[in-house]
Amino acid sequence: MAVNVDTVYRTVLLILNKEQRGYMTPDEFNKIGTQVQLEIYLKYFEDLNQLIRVPQTDLDYADRVDLLDEKMAIFKRNGNASYSTNGFTAPTDLQELGSVIYNNNEMQRVQRNEFYNLYRSKLTKPSAKYPIYLYEEGYIKVFPETITSGVSINYLKFPSPVVWGFTIDNNRGNYVYNSALSTSFELHQSEQTELIIRILEYAGIVIRDPQVIQIASQKVQQDNMNEKQ
């Protein structure tokens, strides 16, 4: 479940107001929120690299690699690749290429220096049964070049930009949240406190006690419930 952008923004505003640190406009929040989300997301790769070197427990819900994979699963995608003269086009939101599939079989990815040696040998030259591919300049170049369809990819996508969408109240002139114009954070819900803390750090406020965030978030959620009654 995604982290609600309105809950985060209103919590940030509540704490800013309490600390008498001014105001953060929706545009400022959207830019900072997008940056913070990206930072948290990219750190997953660093954390994973560290965790796979350490033995993990077999206990349910305690394996840190599994827990991290659950957070990253939100960004996993699968889709067909479209062909052009330069090769198969990678999706524009691709962050990390996973496996490339042809006829339900994973193709071997090779580097350019490997490719020349493989292609020259009759024993290792790619075929429709054992194809290979290069990934260069955003294109997936499949060999043999007779393969022009039937290729799909598994990949991790970049997080979408965060948007706290709004309309303006004609009478009061204030911002009114509009969910239809908004894009929430795509991060796992467990990252909500970390999101708020990091956004506040960009605003110049360092919160050392997570309980402050929890209390503020609970107040915002209660206000939301009251508004719906």
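Me: What percentage of the 229 residues of the protein chain count as buried?
Reply: This is a predicted model, where local features need pLDDT of at least 70, side-chain atom pairs count only at pLDDT 80 or more, and totals for chains, interfaces and linings use all residues. Residues are numbered from 1 along each chain as its sequence is written, and side-chain values use heavy atoms, leaving out hydrogens and water. Buried means under 20% relative accessible area, exposed over 50%, and partly exposed in between (1.4 Å probe, protein chains only). The buried share of the protein chain is 34%.

Me: How many helices and strands are in the protein chain?
Reply: Both are DSSP runs, numbered from the N terminus: helices are H or I with at least four residues, strands are E with at least two. The protein chain has six helices and eleven strands.

Me: Which element gives the most residues to the largest nonpolar core?
Reply: A nonpolar core is a set of buried Ala, Val, Leu, Ile, Met, Phe, Trp, Tyr and Cys residues joined through side-chain atoms within 4.5 Å. The largest has 28 residues, and Tyr44 is one of those that touch the most other members. Elements giving two or more residues are α1 (5-18), α2 (26-51), α3 (64-72) and α5 (192-202). The top contributor, with seven residues, is α2.

Me: Which residues does tyrosine 44 touch, not counting those up to four places away in sequence?
Reply: Contact means heavy atoms within 4.5 Å. On that basis, tyrosine 44 touches Leu68, Lys71, Met72, Phe75, Leu187 and Glu191.

Me: Which strands are the edges of the open sheet?
Reply: Two strands pair if DSSP finds at least two bridges between them. The sheet has four strands in the order β1-β9-β4-β5, with antiparallel pairing. Pairing on one side only are the edge strands, β1 (76-80) and β5 (105-106).

Me: What is the bridge partner of isoleucine 101 in β5?
Reply: Strand β4 (residues 94-102) is joined to β5 by two bridges, and the two run antiparallel. Asparagine 103, in the loop between β4 and β5, has a positive phi of about 55 degrees although it is not a glycine. Isoleucine 101 has as its partner glutamate 106.

Me: Where does proline 144 lie?
Reply: The peptide bond from phenylalanine 143 to proline 144 is cis, with omega near 10 degrees. Proline 144 is in the loop between β8 (139-143) and β9.

Me: Is glutamate 137 buried or exposed?
Reply: Glutamate 137 lies in the loop between β7 (132-136) and β8. Its phi is positive, near 55 degrees, in a residue other than glycine. With a relative accessible area of 74%, glutamate 137 is exposed.
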